[in-house]
Amino acid sequence: MKRKTIGVLVGGITDDFTRLLCHGVIERAKTLDVNIVVIPGKFLDREYPETSDIYYEYQYQTLFSYATKENLDGVIVASSCIGCFATKERISEFMKRYLKMPCVIVAADEPDQICVRYDNGAGIREGLNYMIEELGYTRIGMIGGPDSNYDAKERRRTYIEVLEAHGIEFDPGLYVEGNLTSESKEVFRDILDRNPDMQGVFCVNDSCASGFYEELKARGILPGRDISVMGYDDIEWATQIYPTLSTVRADAGKLGSEAVNLMVRLIDGKQVESKILPTEFIRRDSFCKKGGSRKRSKNVIEGYLSMNHMLSEQWEERNKTQFKMKTFIQKVLSFDRGNDRSYGEILGTMDWLDIENAFIFLYKEPIIHLIGEPFELPDQLYLKTKDLKEKVSSVITVNQKVSSSNLYDFESLGVEGAGIYVLLPLYSNEILYGVLLCDLTEGVLVNGEFLGNQVSAAVKMINLLKTNEEIMKRLEESMAILQKNNIMLDNLSKQDPLTGIMNRRGFFDRSLQLLKECEEQKRTATVFYADMNSLKIINDRYGHDEGDFSLKTIGDILIKSVGDNGIVGRIGGDEYCCLVLGLKDSDAADAFAEEVYSSFEKFNEHCDKPYKVSVSLGNCQIVEYNKKGLQNAMTMADEKLYEVKKYRKKDVVKVKN
């Protein structure tokens with residue numbers, strides 16, 4: 001009988017909730033002898049600022065396409081976490097694709113669906129009742145989460161119900177909405193600034209409480225002495241921080257374990273019902289003492305010593321991990337050839353994470369996937385290499401093709417017994433290469449995203465080496481032809497054959513002549529370095545003919561912009577240089593640049609191409625009217641260009657009205 005394979009769809013794998021959820025899933029799956037594939041597709045509709053470090057994390061969402069009824073027997077979905085930035089409608093739309101297969105939803109309550117969730121009310125009521133009845137509080141605030149998150153909504157409802165049950169009117173000024181993480185700094189400041197008389201605070205989860213602790217610390221406010229703080233989840237951090245955090249114990253591990261139980265019964269065709277798991281309030285030192293006493297526990301010194309010892313051990317373990325990570329980075333990029341054997345060298349470096357089984361699947365060709373675009377999983381992927389029980393082997397070309405519907409056929413992959421795996425995307429910016437499928441170990445739960453980033457970098461490097469080797473081969477063939485016909489590079493024309501404008505050599509020769517004239521006439525000369533935006537995307541998506549059209553267009557627009565006041569040359573593949581005479585200062589240079597940008601915008605408005613042709617510009621006024629001065633100005637202009645390029649929009653594809 002074929003072993004069951006269950007997908008677990010979550011937001012990330014490094015956050016506390018998912019880690020604990022996975023612990024429960026893993027423990028129960030092992031006893032039931034089923035395969036688990038954790039698919040961390042991040043978050044629906046999260047905003048990714050272009051200048052942020054996480055901009056390209058939208059590529060993680062492509063992983064959800066790997067969960068289908070063809071390759072999985074059922075799915076467990078943490079829809080509330082995945083959709084914590086999305087609307088209810090968006091979450092419902094997302095869930096439609098999974099409702100045609102056995103599906104269990106965790107940490108949410110969806111009508112007519114099998115769900116496993118917490119009893120959000122019991123533990124919260126217990127903690128809030130203590131604040132009101134034992135401590136006499138009437139000014140209790142709450143740091144909540146978005147209404148689209150089921151748990152956040154339920155916890156807010158319970159908070160209001162408890163207040164009203166005690167005759168305390170809900171004050172909207174004492175409630176703020178965060179993003180369920182420790183990063184809601186503005187929210188923490190807001191509730192404290194508006195409510196200096198606040199006696200207690202309920203944080204929607206412990207992660208939120210950890211960030212709130214930092215803001216309290218910055219203000220010299222101590223939980224348990226100046227204010228009472230309550231969290232939710234009871235993660236490990238709650239007992240390690242000082243003062244220890246009073247919280248609601250909600251075991252995410254039990255959520256995972258029960259979800260696996262229900263899923264196996266669903267797959268077997270048995271009748272199942274949704275489950276609600278109990279919670280309980282745990283009072284610790286973050287609650288003030290009765291009667292307003294500011295005395296701490298007798299064991300506070302021992303607590304400090306114990307905590308210091310624990311932190312010392314954690315610091316030592318962290319240093320060991322960092323050393324392993326540095327060693328891993330060195331090893332994972334140690335290959336020097338762009339062939340399939342190099343992929344095996346990547347898998348041979350993962351022992352520090354206790355990974356025994358791993359597989360690299362790549363697309364036939366890298367896929368350009370822009371933010372906001374739908375992703376369609378190719379029918380076929382290519383298994384380049386596999387690591388079975390730490391025995392790495394490359395897969396010969398004729399055996400590499402694997403149907404996406406058989407991606408999790410672990411028996412065919414050579415795996416013995418059931419396993420717990422995680423799927424990670426392999427990408428670099430807009431380019432998707434494939435996926436890494438490997439054991440989900442404790443090390444991967446902590447360092448999984450780091451692992452994915454480094455393997456992605458290695459795959460990118462192999463692709464670059466492969467491309468470079470192909471170019472070198474073609475170059476050698478071209479050189480042989482040139483030598484055979486006795487054609488030397490020194491005799492090449494000064495004109496660029498594609499655009500018709502000067503090439504690098506022609507531009508330099510003519511620029512030196514003009515600089516000599518400028519020096520005699522005491523005229524200013526400014527270098528503009530121009531670089532085409534997104535040439536690779538246009539070439540890959542629309543073809544090289546369209547790329548050539550774009551390069552010619554740039555030459556034409558720059559020539560018209562400069563006119564009789566200078567010269568234009570194509571310096572390299574997508575790089576151009578202009579020498580413009582008579583611009584008095586930097587303001588005049590910036591104005592000229594804006595005119596150039598405007599010319600490109602007008603062209604794109606009237607052009608029927610589905611993409612935009614655009615450039616980024618950097619400029620520098622020449623100080624020395626000689627070859628060295630020209631080279632220095634070009635270097636400075638080039639550096640300024642890349643500063644400009646960082647902040648220019650990457651919207652190469654025209655938006656259809």
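Two strands count as paired if DSSP finds at least two bridges between them, and by this criterion strand β10 (residues 246-249) and strand β12 (residues 280-282) are joined by three bridges and run antiparallel. The model is a predicted one, in which local features need pLDDT of at least 70 and side-chain atom pairs count only at pLDDT 80 or more, while totals for chains, interfaces and linings use all residues. Residues are numbered from 1 along each chain as its sequence is written, and side-chain values use heavy atoms, with hydrogens and water left out.

**Overall architecture**

- The protein chain has 17 helices and 23 strands, where helices (H or I, at least four residues) and strands (E, at least two) are DSSP runs numbered from the N terminus.
- Taken along the principal axes, the box filled by the C-alpha atoms of the protein chain is roughly 90 × 65 × 55 Å.
- Of the 657 residues in the protein chain, 50% are buried, a class that means under 20% relative accessible area, with exposed meaning over 50% and partly exposed lying in between (1.4 Å probe, protein chains only).

**Strand pairing around β10**

- Strand β10 also pairs with strand β9 (residues 228-233), and here the two strands run parallel and are joined by four bridges.
- On the β9 side, Y232 has V248 of β10 as its bridge partner, whereas on the β12 side T247 stands opposite I282.
- The loop between β9 and β10 contains P243, and the peptide bond from Y242 to P243 is cis, with omega near -5°.
- Strands β10 and β12 are also connected through side chains, since R249 and E280 meet in a salt bridge with an N to O distance of 3.9 Å; R249 belongs to strand β10 and E280 to strand β12, 31 residues apart, and the pair thus links distant parts of the chain.
- Both partners of this bridge are partly exposed, R249 with a relative accessible area of 36% and E280 with 39%.

**The five-strand sheet**

- An open sheet of five strands has mixed pairing and follows the order β19-β21-β22-β20-β23, with β19 and β23 (615-621) as the edge strands, each of which pairs on one side only.
- Within this sheet order, strand β20 (residues 525-532) and strand β22 (residues 575-581) pair in the antiparallel sense over seven bridges, and the bridge partner of T526 in β22 is V580.

**Salt bridges**

- The structure holds 32 salt bridges, each defined as a side-chain nitrogen of Lys or Arg within 4 Å of a carboxyl oxygen of Asp or Glu.
- One of them joins K42 to E449, with the closest N and O atoms 2.5 Å apart; because K42 lies in the loop between β2 (35-40) and β3 (74-77) and E449 in helix α12 (residues 442-484), the pair ties together parts that are 407 residues apart in sequence.
- Both K42 and E449 are buried.
- D496 forms a salt bridge with R570, for which the closest N and O atoms are 3.2 Å apart; D496 lies in the loop between α12 and β19 (502-503) and R570 in strand β21 (residues 566-570), so this pair ties together parts that are 74 residues apart in sequence.
- D496 and R570 are both buried.
- A network of salt bridges links E186, R189, D193, E215 and R219.

**Surface charge**

- D585, D587, D590, E594, E601 and E605 form a negative surface patch, and E594 lies in helix α16 (residues 586-606).
- Patches are made of residues with over 30% relative accessible area and no salt bridge, with like charges joined within 9 Å and nonpolar side chains (Val, Leu, Ile, Met, Phe, Trp, Tyr) within 5 Å.
- Lys and Arg count as positive and Asp and Glu as negative, His and the chain ends not being counted, and the place of a charge is taken as NZ of Lys, CZ of Arg, CG of Asp or CD of Glu.

**Backbone exceptions**

- Most residues other than glycine have a negative phi, and most peptide bonds are trans.
- D45, although not a glycine, has a positive phi of about 60°; D45 is placed in the loop between β2 and β3 and counts as partly exposed at 39% relative accessibility.
- N429, likewise not a glycine, has a positive phi of about 55°; N429 lies in the loop between β17 (420-428) and β18 (431-439) and is partly exposed, with a relative accessible area of 37%.

Notes. Areas by Shrake-Rupley, 256 points an atom, 1.4 Å probe, with all protein chains shown as cover.
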